[in-house]
Amino acid sequence: MYKRLLTIQDVSCVGQCSATVALPVISACGVECAVLPSAVLSNHTGGFKSWTFCDLTGELAKIEAEWTKQGIGFDAFYTGYVCPAQIDPILSIMEQCANPGAVRVVDPVMADNGKLYPGFADDFPQQMARLCKGADYLLPNLTEAAFLLGRTPVLEGYDKAFIADMVKGLHALGAKNVILTGVSFEPDLLGTAVSDGTTVQYDFNPRLLRVSHGTGDVFASVFAGAVLRGLSALDAAALAADVVCAAIQATDDSHWYGVAFERALPMLVERLKVVA
Ligand code: PXL
């Protein structure tokens, strides 16, 4: 079945992240992607010295009312970078504009490497946790997972029992499936823990030396598109990780603000060709 997904996140005009990644990636997955921009920024906040920010919170309820009037609904929702005041309007859209069986993919974009992104207050994770409550698929990195649970991020020296406990906490928040990214037990391997609430499975790729901005958005977009094409959470996470690795490898060292995911789109299309 041809599916329609709504992504709710910012448009950063320059920077290869959020909606400017979600739209091409999800389209390449063969899934219709509607976009509700929660804000428009001149560029993202991860490395640029400054940015403009146009908050579109006020549009959310108006757009919901219009869609409800017209009977417009979605088979899936994928949320990314959003502001605290947008949590309630987004929950309302996900309730009012859901087609039967609609799934919610929540990437709690707010932090990485042990720190919240610029502009987010210390209590933002508690707000974000309300969005995570109804997630069918929750995709935090290790830092976001720790903040959602009110814990101090631990980024190295942990074991499988630690990850299992973290995953358990995230399920207790209300998430059905947890996809925890940035997990590493050996220096050369970086991967994902995927849990349906009963079993934790892992997918690993060789760790690449380069760290690029926007890879979380590429991962979440591929994951959302692939799940809607019928892949299991583990297979979708493995495909997403492969696309991220290919994108990083295609990125020139001088390209500091993002990742050349465009070069990995042919491989993504190819890998999903075999899926009905
Ligand atoms: O890639 C996540 C992201 C999305 N949107 C904006 C950001 C970031 C990360 O820094 O700044 C505006």
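This is a short dialogue on reading a predicted protein model.

Colleague: Where do I start? Which helices and strands does the protein have, and how many?

Modeller: Start with the inventory. This predicted model has nine helices and 11 strands.

Colleague: How do I read the overall size? What radius of gyration does the protein have?

Modeller: Set the value beside a rule for a compact globule. With 276 residues, that rule gives a radius near 19 Å. The protein has 17 Å, which agrees. For the outer dimensions, take the principal axes. The C-alpha atoms fill a box of roughly 55 × 45 × 40 Å.

Colleague: How much of the protein is buried?

Modeller: Buried means under 20% relative accessible area. Of the 276 residues, 51% count as buried. Now the outside. The protein exposes about 12,200 Å². Carbon and sulfur atoms supply 54% of that area.

Colleague: And contacts along the chain? What share joins residues 24 or more positions apart?

Modeller: Consider contacts with a separation of 6 or more. Residues 24 or more positions apart account for 67% of them.

Colleague: What about charge? How many positive and negative side chains are there?

Modeller: Count each sign, then compare the centres. There are 19 positive and 29 negative side chains. The centres of the two sets lie 3 Å apart.

Colleague: Let us take one helix. How do I read helix 7?

Modeller: Check its span, then its cover. Helix 7 covers residues 215-228, 14 residues in total. From first C-alpha to last, helix 7 reaches 20 Å, close to the 20 Å expected at 1.5 Å a residue.

Colleague: Is helix 7 enclosed or open, and why?

Modeller: In general, an α-helix has 3.6 residues a turn, so residues three or four places apart point the same way. Now the case here. In helix 7, 12 of the 14 residues are buried, so the helix is largely enclosed by the rest of the structure. Among the buried ones are Asp217, Phe219, Phe223 and Leu228. Just after helix 7, Gly230 takes a positive phi of about 105°.

Colleague: Gly230 is a glycine. Which residues other than glycine have a positive phi?

Modeller: Look at Ser18 and Asn113. Ser18 has a phi of about 40°. For Asn113, phi is near 50°.

Colleague: Where are Ser18 and Asn113 found?

Modeller: In loops. Ser18 sits between strand 1 (4-14) and helix 1 (19-28). Asn113 sits between strand 6 (111-112) and strand 7 (115-116).

Colleague: Are Ser18 and Asn113 buried or exposed?

Modeller: Compare each value with the cut-offs: under 20% is buried, over 50% exposed. Ser18 has 2% relative accessibility, so Ser18 counts as buried. Asn113 has a relative accessible area of 61%, so Asn113 is exposed.

How values were computed:
Residues numbered from 1 in each chain as written. Predicted model: local features only at pLDDT ≥ 70, side-chain atom pairs only at ≥ 80, totals over all residues. Heavy atoms only, no water. Helix = DSSP H or I, 4+ residues; strand = E, 2+ residues; numbered from the N terminus. Rg over C-alpha atoms; globule rule 2.2 N^0.38 Å. Buried < 20%, exposed > 50% of the residue type's maximum accessible area, 1.4 Å probe, protein only. Contact = heavy atoms within 4.5 Å. Areas by Shrake-Rupley, 256 points an atom, 1.4 Å probe, with all protein chains shown as cover. Lys, Arg positive; Asp, Glu negative; His and termini not counted. Charge placed at Lys NZ, Arg CZ, Asp CG, Glu CD. Expected span 1.5 Å × (residues − 1).
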